[in-house]
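Me: I would like a close look at a single part of this model, followed by whatever else around it is worth setting down.

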Amino acid sequence: MTPFQKAEFALMLILAFSIPFYWYVAQILEIALVTCAILKIIIQQKFQFNKAQLRWKWAYIIFMLTWLATLCGMIYTQNAAEGWMAVIKKLGFLFFPLIFLLSDMSYLTKDRIRAVFCSLTAGILVFFLTNVIWAAIDVIFNGYGTSRFFDKELMKLYYVHHSYMSMYATLAFAFCYIEFFNQKELKVRISYVIAEVMLFVFIILCNSRAGIVVLVLETIILLAWTFFAKKEKKAGVVTCAIILAAAGGTIKLLPESISRITETLNIITSKSTNDRRLVQFIGYKQVLKENWLFGVGSGDKYDEIVKSYKSHRDNLVSSIVPVQGVDKQTFEHNRDILLQEILTFTKQPDVSNWHVPNGFTENFIMTDAERRCCTPESVGRMYVDYIYTTDAIANTLNTHNQYFETIISLGVIGLILLLGYFIVPIFIMIKNRNFSIIYLIFILIISFNAFFEAIFERQCGIIFFNFFNMLLFSWLLTNIEPAAKVIKK
């Protein structure tokens, strides 16, 4: 490799390693990578570009359109300050496609791309070991219970949201699984098995419901790939046994590992409790209905979402019915006191940080409603929604759904551009009859998690997605294109 290629590749390795730790460091490395690519294009390439990459320029342009749509959303936004913040925040959607289109990536062989994935895996494992050792010390010497292993405050170096950590770890898990079958040396294969087991345990410890579901789905896909594509039946059976053993051991030693799954099932089956995300959806669905074509603009989404939450809360308050014979002024005064008591009670230290109401809470509120001249039935139908909606307003919560977030900001047009990230690679695979199992799993990870997190609203999601999407796209092209040539544009 040339000096510029070495520098560019080194930055990729460091960027992949740093992503699990701190998005700010990754962002600095992103800027360094852009700077290196610009210097490489000017000094080394002398504005000559890779022919194989230019052949697929239409795909790179589609990838860049998400950022361009965000910029166009500034035309009809009212909150310009918030809008420009969104434009700047999402520069990764412009930078990474430009880097991988214009900077000559012919040196990125399959082995070097594997090295980048190994760097990501190493970063995740270092992060995992640091925190699990910390937790073990607290459990053994400081009197903590095993729930310490799931405590978000455990990540003292820097807290990374568990949904994002599970995305990183599920991708690394899939990579290690696939590489186990691509390697022949026994020691290397054993190291990948050890990494798989550690990543499996880490994903469960992340306690992300979406992460655990993705882990199950990708494991099924990988096992099917092992049996039918690789035709490694014995290895598939052994791998399946190891995974089941790791799952059983984790659940037996740390029963809290499935607590969020069981809590979710209880919420779904309970008649007295609603799901937080569903309540939020009811709160902002009016914004979706009224702005589905072009959205509200790049800077107005949070203002409009909060406005919709407040409108929904007002409707909830108006649904409370007074007991018979109470005058309007007395009822409204008592109702306001009741609503304040509901919020105060559910924020007490012995209640979950998520304010999830339980049977004791319900009994208290029903008794208090009767004392405050409000019919308990009408209060029982709205108080859960009221708690969650008030919390959403206080914390200016986003939709926790990237598809809805995009529709609210940029409308259906923005959503179509977003889906292009998933459709274009699959289209190229089908057209060339050349499927990349790791790329398909990456698309699964992102597209599934996007239902539960606005992953493109945070740098820890933007940088991770754009960098590895472009890296995997390059990997896909290396399986299609012959040796790359550099030509003058």
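How many residues does helix H19 have, and how far does helix H19 reach from its first C-alpha to its last?

Reply: The model is a predicted one. Helix H19 covers residues 437-449, which is 13 residues, and reaches 18 Å from its first C-alpha to its last. That is close to the 18 Å expected at 1.5 Å a residue.

Of the 13 residues of H19, 12 are buried, so the helix is largely enclosed by the rest of the structure. The buried residues include the isoleucines Ile 437, Ile 438, Ile 441, Ile 443, Ile 445 and Ile 446. Tyr 439, Phe 442, Leu 444 and Phe 448 are also among them, as are Ser 447 and Asn 449. An α-helix has 3.6 residues a turn, so residues three or four places apart point the same way. The buried residues of H19 pack against helix H7 (110-141), H8, H10, helix H18 (402-432) and helix H20 (459-478).

Two of these neighbours, H8 and H10, are joined by an aromatic pair. Tyr 177 lies in helix H8 and Trp 225 in helix H10 (residues 209-229), so their pair ties together parts that are 48 residues apart in sequence. The pair is tilted, with 6.5 Å from centre to centre and 55° between the planes. Both Tyr 177 and Trp 225 are buried.

H8 also takes part in a pair with helix H9. The count of aromatic pairs in the model comes to 40. In one of them, the rings of Phe 173 and Phe 200 have their centres 6.2 Å apart and their planes at 50°, so this pair is tilted. Phe 173 lies in helix H8 (residues 162-182) and Phe 200 in helix H9 (residues 186-206), so the pair ties together parts that are 27 residues apart in sequence. Phe 173 has a relative accessible area of 1% and is buried; Phe 200, at 7%, is buried as well. Elsewhere, the charged end of Arg 189 sits over the ring of Phe 180, 4.3 Å from the ring centre.

H18, another helix against which H19 packs, has a part in a cavity. The structure holds three cavities of 30 Å³ or more, and the largest has a volume of about 120 Å³. Its lining is made up of 15 residues, of which Thr 66, Lys 90, Gln 402, Thr 406 and Leu 410 are the closest to its centre. Helix H4 (57-72) and H18 each supply at least two residues of this lining. H18 gives the most, with eight residues.

Two single residues outside H19 can be added. Ser 308, in helix H14 (residues 301-318), is buried, with a relative accessible area of 8%. Leaving out residues up to four places away in sequence, Ser 308 touches Gly 283, Tyr 284, Gln 286 and Val 287. Leu 98, in helix H6 (residues 92-102), is partly exposed, with a relative accessible area of 31%. Leu 98 touches Met 64 and Ser 103, again not counting residues up to four places away in sequence. Leu 98 and Met 64 are 34 residues apart in sequence, and their C-alpha atoms are 7.9 Å apart in space.

How values were computed. Residues numbered from 1 in each chain as written. Predicted model: local features only at pLDDT ≥ 70, side-chain atom pairs only at ≥ 80, totals over all residues. Heavy atoms only, no water. Phe/Tyr/Trp six-rings, centres within 6.5 Å; stacked < 30°, edge-to-face > 60°. Helix = DSSP H or I, 4+ residues; strand = E, 2+ residues; numbered from the N terminus. Buried < 20%, exposed > 50% of the residue type's maximum accessible area, 1.4 Å probe, protein only. Lys NZ or Arg CZ within 6 Å of the ring centre and 35° of its normal. Contact = heavy atoms within 4.5 Å. Expected span 1.5 Å × (residues − 1). 1 Å grid on protein atoms, 1.4 Å probe; cavity = no way out; pocket = protein on both sides within 12 Å on 5 of 7 lines; lining within 4 Å. Points joined across faces, edges and corners; volume = space filled by probe spheres on them.
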